[in-house]
Each structure stands twice: as structure tokens, then as C-alpha cells.
Amino acid sequence: MSDVATTRRSRITPEREAELYAAVLDLLREVGYDAVTMDAVAARTRSSKATLYRQWGGKAELVVRAMRSQKPGGLADIDTGSLRGDLHAIAVREDDCAMEQNAALMRALAMAVHTNDDLRQAFKELLVEPEMEEFRRMVRRAVDRGEVRPDNPALEYLVHMLVGAFATRTLIDDLPPTRDFLLSYIDAVVLPALGVPLH
């Protein structure tokens, strides 16, 4: 999927691509995934539907690539020398406003990911799997440094803990996720589960 898409997308400028992605995300926030159509994207962006299909192949890939475009630099760029520092760097790479918008996007996609095979596949291939691999490297560095025992059972649930905190903050507390919330969650829940001292 990604090699073909890269070839297809190379025909438009980065500025135009960013404009298209912003429009897709606006539509997604406004109407949800199921109601986003290639016709609506074409109208919003003054593009032809044929161009959109030629560049992205379909709605699922376009939506996921639009979401990926909004994420700050990859996790591979983060190496502070400690797991606590790395996790804190992840938590603060977006400001609170961007975090709130991304949480809204995730809610807009939550049901659709479970009911739409194309979206689920694109989501896994283009967003989840690349980030999981970068995250595994970060955790391996922590294990290699001796910060976390390699047999710690919480390692298997580290991503679940982090994503869970981000995704459920609004549901449980009726508040958006914020930097302060995530930093305190990392220190109070994640690091103790991993046996990492806070000092």
C-alpha cells in the first residue's frame, strides 16, 4: 500500500498535500468517518475525485495519511538517555490544543476502525505499526540501559497504558488530555508499573 501511494502522491506539491490533509481532517471532525466522501473532499479542496483516487487510492488511506501528517516528528527522533525523559518528550511534543483536536479525531474514527476493514488495514499499516516499531526501539534502549528488567510483565502493556490514558480522559473526566495530565500519569502509573524510579 505505502510504496504505491508514495509513487501516486509524488505528483502533488507538499503545500497542496498539506491543504488536502487539513480539509480531510476538518471534514472528519465535522461529520465523522462514515459521512466523509471523496465527493465532499473534492468539493472542499477544489480537486477532482479522479485526482484524489489517483493520489491515495481511496478514502481510508487518505484519512489515515491525513492523520499521520498531523503527528509531530516520529518517536525515532526521541532519545533523552532515560525512559522517563523519552516518555515525557512524547507527552509534550504536542500542545494541549493539538492534543484535544487529535483526541476528537480518534473518537471520530473509533467505531469506524472496528467496522471498516479498509480503514483498519490502513490505520494499522500507516499509523500503528510504524509507531509501534519506533516505540519498541525506545523500550529496548531502556532495557539495554538497565532501567527496566527485560522480564517485567508491564512492558507488554506499556502502549496500552499510554493510549488508554489519552483515549479515556474525556470519557472518564469529561476533560481533554493535556500535557500535565499525561506527565503526571506517566510518573504515577507507567513508570512505577515498569519499576523505574522517578529520580
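**Group meeting talk: a walk through the helices**

Okay, let's start with helix 2, residues 14-31. That's 18 residues, and from its first C-alpha to its last it reaches 26 Å, close to the 26 Å you'd expect at 1.5 Å a residue. Before I go on, please keep in mind that we're looking at a predicted model.

So which residues of helix 2 are buried? The list is Glu17, Leu20, Tyr21, Ala23, Val24, Leu25, Leu27 and Leu28. While you look at that list, remember that an α-helix has 3.6 residues a turn, so residues three or four places apart point the same way.

Now follow the chain out of helix 2. Just after it comes glycine 32, with a positive phi of about 85°. Then there's tyrosine 33, which sits in the loop between helix 2 and helix 3. Tyrosine 33 counts as buried because its relative accessibility is 2%, and the cut-off for buried is under 20%. What lies across from it? Take valine 113: it's 80 residues away along the chain, yet the two C-alpha atoms are separated by 9.2 Å.

There's a similar story with leucine 105, over in helix 7. Leucine 105 is buried too, at 0% relative accessibility. Its C-alpha is 9.3 Å from that of aspartate 26, and those two are 79 residues apart along the chain.

Next, the annotated bit. UniProt, in an unreviewed entry, lists residues 37-56 as "DNA-binding region". In the model, that span is 80% helix and 0% strand, and its end C-alpha atoms lie 13 Å apart.

Inside that stretch, have a look at arginine 46, in the loop between helix 3 (38-45) and helix 4 (49-56). Arginine 46 isn't a glycine, but it has a positive phi of about 55°. Is arginine 46 buried or exposed? Exposed, with a relative accessible area of 66%.

And we meet another of these further along: aspartate 174, in the loop between helix 9 and helix 10. Here phi is near 55°, again positive in a residue other than glycine. Aspartate 174 counts as exposed, at 64% relative accessibility.

That takes us into helix 10. It has 16 residues and reaches 21 Å from first C-alpha to last, close to the 22 Å expected at 1.5 Å a residue. It does have a kink, though, of about 40°, and that's centred on isoleucine 186. Isoleucine 186 is itself one of the buried residues of helix 10. The others are Phe181, Leu182, Leu183, Tyr185, Asp187, Val190, Leu191 and Leu194.

Last stop: the largest pocket. Its volume is about 1,500 Å³. Which elements give two or more residues to its lining? They are helix 6 (83-91), helix 7 (96-115), helix 8 (117-144), helix 9 (158-173) and helix 10 (179-194). So that kinked helix 10 shows up in the lining as well. The largest share comes from helix 8, with 12 residues.

How many residues line the largest pocket? There are 44, and Met106, Glu131, Val159, Leu162 and Val163 are the ones nearest its centre. What kinds of residue make up the lining? They divide into 29 nonpolar, 5 polar and 10 charged.

If you'd like to find your way around on your own screen, begin with tyrosine 33 in the loop after helix 2, hop over to arginine 46 between helix 3 and helix 4, then go to isoleucine 186 at the kink in helix 10. That's my tour, thanks!

Conventions
Residues are numbered from 1 along each chain as its sequence is written. This is a predicted model: local features need pLDDT of at least 70, side-chain atom pairs count only at pLDDT 80 or more; totals for chains, interfaces and linings use all residues. Side-chain values use heavy atoms; hydrogens and water are left out. UniProt positions are given in the numbering used here, feature names are shortened, and annotations may be inferred rather than shown by experiment. Helices (H or I, at least four residues) and strands (E, at least two) are DSSP runs, numbered from the N terminus. On a 1 Å grid over the protein atoms alone, a cavity is a set of points where a 1.4 Å probe fits but cannot get out, and a pocket is an open set with protein on both sides within 12 Å along at least five of seven lines; lining residues have an atom within 4 Å of a point. Grid points are joined across faces, edges and corners, and a volume is the space filled by probe spheres set on the points. Ala, Val, Leu, Ile, Met, Phe, Trp, Tyr, Cys and Pro count as nonpolar, Asp, Glu, Lys and Arg as charged, and the others, Gly among them, as polar. The expected span of a helix is 1.5 Å times one less than its number of residues. The bend at a residue is the angle between axes fitted to the seven residues ending there and the seven starting there. Buried means under 20% relative accessible area, exposed over 50%, partly exposed in between (1.4 Å probe, protein chains only).
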